[in-house]
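The following note sets out several points for a reader who is beginning to study protein structure. Please keep the sequence and the structure in view while reading.

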Amino acid sequence: MLLEQLVDAVPAVKGPRGRPGRPRKRPAKLHCDKGYDYPRCRRALRRRGITPRIARRGIESSQRLGRHRYVVERSLAWLVGYRRLQVRYERRADILLGFVHLACALICLRFLTRSTA
């Protein structure tokens, strides 16, 4: 039910510089699991100019979709590794966002130190 609101809330996609024409406002395609396999979801995405990549219930396996979702799941797992973000202790959203930025910086630092070693 919230798919349309979620897609509308996505900020503008910035493409490479020098590309002719107006920059895209939305992504070109959207990968979803079988929970979004409804005609109204597909219609809503096509109305917005987005190609739906949705696994069909009872027909397709979710394995092909998994390679795209794995990147997101892995990133969320890295963030949950910081216990303060796993359970939201902060009441104020700005403090929570600060901790999320700090965790992302630490994750990037850890990735960079591993690649140089």
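How many helices and how many strands does the secondary structure of the protein chain come to?

1. Overall composition. The model under review is a predicted one. Its protein chain contains 5 helices and 2 strands. Read from the N terminus, these elements follow the order α-β-α-β-α-α-α. The chain has 117 residues, of which 17% are buried. Among the contacts in the protein chain with a separation of 6 or more, 32% join residues that are 24 or more positions apart.

2. The pairing of the strands. Strand 1 covers residues 29-32, and its pairing with strand 2 is parallel, over 4 bridges. The chain passes from strand 1 to strand 2 by way of helix 2, which spans residues 39-47, and the resulting β-α-β crossover is right-handed. Two positions of the pairing may be followed by eye. K29 stands opposite T51 of strand 2, and C32 has I54 of strand 2 as its bridge partner.

3. The two faces of strand 2. Which residues of strand 2 form its covered face, and which its uncovered one? Strand 2 comprises residues 51-54; P52 and I54 belong to the covered face, whereas T51 and R53 belong to the uncovered face. This arrangement may be read beside a general rule: side chains in a regular strand alternate between the two faces of the sheet.

4. The loop before strand 2. I50 is located in the loop between helix 2 and strand 2. Is I50 buried or exposed? I50 counts as buried because its relative accessibility is 2%, which is under the limit of 20%. With neighbours within four places in sequence left aside, I50 contacts V7, R26, P27, A28, K29, L30 and L45. One of these partners, V7, is 43 residues away along the chain, and the C-alpha atoms of I50 and V7 are separated by 9.6 Å. K29, another partner of I50, is the residue already described as standing opposite T51.

5. Helix 1 and its surroundings. E4 belongs to helix 1, which runs over residues 3-9. E4 is classed as partly exposed because its relative accessible area is 35%, a value between the limits of 20% and 50%. Beyond its neighbours within four places in sequence, E4 is in contact with A44, R47 and R48. The C-alpha atoms of E4 and C41 lie 7.8 Å apart, although 37 residues separate the two along the chain. C41 itself is buried, with a relative accessibility of 6%.

6. Helix 4 and its surroundings. Which residues does L85 touch, not counting those up to four places away in sequence? They are L79, L96, F99, V100 and A103. L85 lies in helix 4, which consists of residues 83-86. Its relative accessibility is 18%, so L85 counts as buried; the limit for this class is under 20%. L85 and A103 are 18 residues apart along the chain, with 8.7 Å between their C-alpha atoms.

7. Cysteines. How many disulfides does a search of the whole structure find? The search finds 0 disulfides. Why does C108 not form a bond with C104? The closest cysteine sulfur to that of C108 is in C104, and the distance of 6.7 Å is too far for a bond, because a disulfide requires sulfur atoms within 2.5 Å. C108 is also partly exposed, at 47% relative accessibility.

8. Aromatic rings. A search of the whole structure for aromatic pairs finds 0. A ring does, however, have a charged residue placed over it: R40 lies over the face of Y38, at 5.2 Å from the ring centre.

Terms used:
Residues are numbered from 1 along each chain as its sequence is written. This is a predicted model: local features need pLDDT of at least 70, side-chain atom pairs count only at pLDDT 80 or more; totals for chains, interfaces and linings use all residues. Side-chain values use heavy atoms; hydrogens and water are left out. Buried means under 20% relative accessible area, exposed over 50%, partly exposed in between (1.4 Å probe, protein chains only). Two strands pair if DSSP finds at least two bridges between them. A crossover is right-handed if, with the strands pointing away from the viewer, the path from the first strand over the helix to the second runs clockwise. Contact means heavy atoms within 4.5 Å. Rings of Phe, Tyr and Trp (its six-membered ring) pair if their centres lie within 6.5 Å; planes under 30 degrees apart count as stacked, over 60 as edge-to-face and the rest as tilted. A charge sits over a ring if NZ of Lys or CZ of Arg is within 6 Å of the ring centre and within 35 degrees of the ring normal.
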